[in-house]
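User: I am new to this structure, and I would like to understand the reasoning behind the words used to describe it. Could you take me through it with care?

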Amino acid sequence: MKDVGKWKKNSMKIDILVAEIGSTTTVVNAFHNIHTDTPEFVGQGQAATTVEEGDVRIGLENSIQDLQRNLKADTLTYDELFATSSAAGGLKMTVHGLVFDMTARAAKEAALGAGAIVKMVTAGNMRRTDIKKIQEENPNIILIAGGVDYGERETALNNAEKLAELNLPIPVIYAGNIENDEEVKLIFENYDNDLYVVENVFPKIDELNVEPTRKVIQDTFEKHIVHAPGMEHVYDIVNGTITPTPAAVMNLSKLIHDRIGDVLVIDVGGATTDVHSVTEGTEAIAKIQVAPEPIAKRTVEGDLGLYVNKENVIDLIGEEELEKQGFDLETFRKEYHSIPKNDQERKLVEILSEAATLTAVERHAGQIRYVYGPTGRSTLAQGKDLSNVKFVIGTGGALTRLPNGPDILKKIPKDKKSKSPILLPTGTVKVLIDHDYIMASLGVLAFKYEDAALKLLEQSFGENVFEQAAKERESEEV
């Protein structure tokens, strides 16, 4: 936090506040001098998200008051307010395609990249059990895909008819075979759904096209989704849209990639571990890929968390192993409440963080596979190639606050001599830590103030990485 002594205590004016309205906590970050070459992260306030009280604006106001106290200001005003949200469980979607390894996977990539939580994926003609599960999941958006352009048509049309008959009062996005566009419009014309017909997520066998669908998902989020009680009133006071929190991180990750190159971003949270990568991979792996991958990819591991899902991570390591290392798991389970409060808890949480990080990255990465046929063994690659990643960024509470966060991230790359089939980064990577824990806020800020957001990110890293990259490019051109 910046020294606030120079500010007028009686009346402090801030350029921009960015609110991150989470499921349990609402955080407000304050930024000033946005319109100059030296923008500042001024401070942070936080409070409980007030879903149960019936109005998330209460938590938002409480977090602004906490910020005001932290800044020792009698009054606090601001020019603009932006917001991200994952309140009330975030943006829940179900995805329905033709073949899982093709259109269903492509649709899932689009949904995850837009910041959604994918609650269900089906491939092929939907069954009665699928319809029942959709009703139970109660999604915010349904995404239908299926068939390359001018290819198979019937599966997507059959699924569209079944979903239309549910008449759920939620938006439906169709991103399948272009020949079905008009048919799908006719199917939904007499139902309550808002229908969005966009470009096919899998127009050709060897082509992914997820960006148009991602954009529509985010637009739909802002227009139609009221996540939590009172959220509809937050729209009245924010400038611009309310962005899904993971989509804000993805937006910033793509900007980082444009400035410095292939990047991997990891956020280990209390309930989940999110991994974002922006990389095209290597030419050698691209030649043996069995299916295309998006340049920008997000995965969310719903079973890997340090508080809500800590038992899953403990099982991953093994209770016996942890007890051998001297940890009292019974006491830890009784007394640990999301933030480590002593050295013993801190040490154990670091071990859990390492397991969650390395497992999540391995799940995110693709693999080399060997198949055998009449001509002998063939080498194929499946999934995301992280080999070219040179920058690994840690954000989130664990990796930014634990002393050994950087050391955990340094363990991600594999040695060049390694025989592991997993397509992890190879060789040396540069580890960067979002010390101020502001990447999501900066991802929203960047929609309007890109240069300021990246300068603020450099400050959070404590390194002028973008400036250095620009100088290196200039010297190469000369």
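Analyst: What follows is a set of questions and answers about a predicted model, taken up sheet by sheet and then helix by helix.

User: What makes S6 and S9 the edge strands of their sheet?

Analyst: Five strands form this open sheet, in the order S6-S5-S7-S8-S9, and their pairing is parallel. Strand S6 (116–123) and strand S9 (195–197) are called edge strands because each pairs on one side only, and two strands pair if at least two bridges are found between them. From one strand to the next, the twist averages 20 degrees.

User: How do you know that S5 and S7 pair?

Analyst: Pairing requires at least two bridges, and strand S5 (residues 91–97) is joined to strand S7 (residues 141–144) by four bridges in the parallel sense, so the requirement is met. As a place to look in the model, His96 stands opposite Ile144 in S7.

User: Which helices lie against this sheet, H2 and H5 among them, and how do they run?

Analyst: Helix H2 (residues 100–113) lies across S5, S6 and S7, and runs at about 165 degrees to S6. Helix H5 (residues 181–188) packs on the sheet as well, touching S7, strand S8 (172–174) and S9, with a direction that makes about 180 degrees with that of S9.

User: What is the span of helix H4, set against the expected value?

Analyst: Helix H4 (residues 154–166) has 13 residues and reaches 19 Å from its first C-alpha to its last, which is close to the 18 Å expected at 1.5 Å a residue. Its buried residues are Thr155, Ala156, Leu157, Asn159, Ala160, Leu163, Ala164 and Leu166, and what covers these includes S5, helix H3 (128–137), S7, S8 and H5. Just after H4, Asn167 takes a positive phi of about 55 degrees.

User: Why is strand S4 described as largely enclosed?

Analyst: A residue counts as buried when its relative accessible area is under 20%, and seven of the 10 residues of strand S4 (residues 76–85) are buried, so the strand is largely enclosed by the rest of the structure. Strand S1 (residues 12–21) is joined to S4 by nine parallel bridges, with Thr84 as the bridge partner of Glu20. S4 is also joined to strand S10 (residues 242–244), by three bridges that are likewise parallel, and there Ile242 is the bridge partner of Ala83.

User: What is the pairing in the sheet that holds S16 and S17?

Analyst: In that open sheet five strands follow the order S13-S12-S11-S16-S17, and the pairing is mixed. Its edge strands, each pairing on one side only, are strand S13 (296–301) and strand S17 (430–433), while neighbouring strands are turned by 15 degrees against each other on average, direction ignored. Strand S16 (residues 391–395) and S17 run parallel and are joined by four bridges, with Phe391 standing opposite Lys430.

User: Why is Leu402 called buried?

Analyst: Leu402 has a relative accessible area of 9%, and since the cut-off for buried is under 20%, the word applies to Leu402. This residue is found in the loop between helix H14 (396–401) and helix H15 (405–409). Leaving aside neighbours within four places in sequence, Leu402 is in contact with Pro340, Arg346, Val349, Glu350, Ser353 and Gly397. Pro340 is 62 residues away along the chain, yet the C-alpha atoms of Leu402 and Pro340 are separated by 9.2 Å.

User: Why are H8 and H17 called roughly perpendicular?

Analyst: Helix H8 (residues 245–260) and helix H17 (residues 450–461) pack at an angle of about 85 degrees, with their axes 11 Å apart. Angles from 65 to 115 degrees count as roughly perpendicular, and H8 and H17 are therefore described in that way. Leu252, Leu255, Ile256 and Arg259 of H8 make the contact with Glu450, Asp451, Leu454 and Leu457 of H17, and by class these are five nonpolar, no polar and three charged residues.

User: What makes H10 roughly perpendicular to H13?

Analyst: The axes of helix H10 (residues 310–317) and helix H13 (residues 343–364) cross at roughly 85 degrees and come within 10 Å, and that angle makes the two helices roughly perpendicular. Val313, Ile314, Leu316 and Ile317 in H10 meet Ile351, Leu352, Ala355, Ala356 and Thr359 in H13, a contact with eight nonpolar, one polar and no charged residues.

Key:
Residues numbered from 1 in each chain as written. Predicted model: local features only at pLDDT ≥ 70, side-chain atom pairs only at ≥ 80, totals over all residues. Heavy atoms only, no water. Axes fitted to C-alpha atoms, helices over the stretch in contact; angles between N-to-C directions. Buried < 20%, exposed > 50% of the residue type's maximum accessible area, 1.4 Å probe, protein only. Contact = heavy atoms within 4.5 Å. Expected span 1.5 Å × (residues − 1). Parallel < 35°, antiparallel > 145°, perpendicular 65-115°, else oblique. Nonpolar A, V, L, I, M, F, W, Y, C, P; charged D, E, K, R; others polar.
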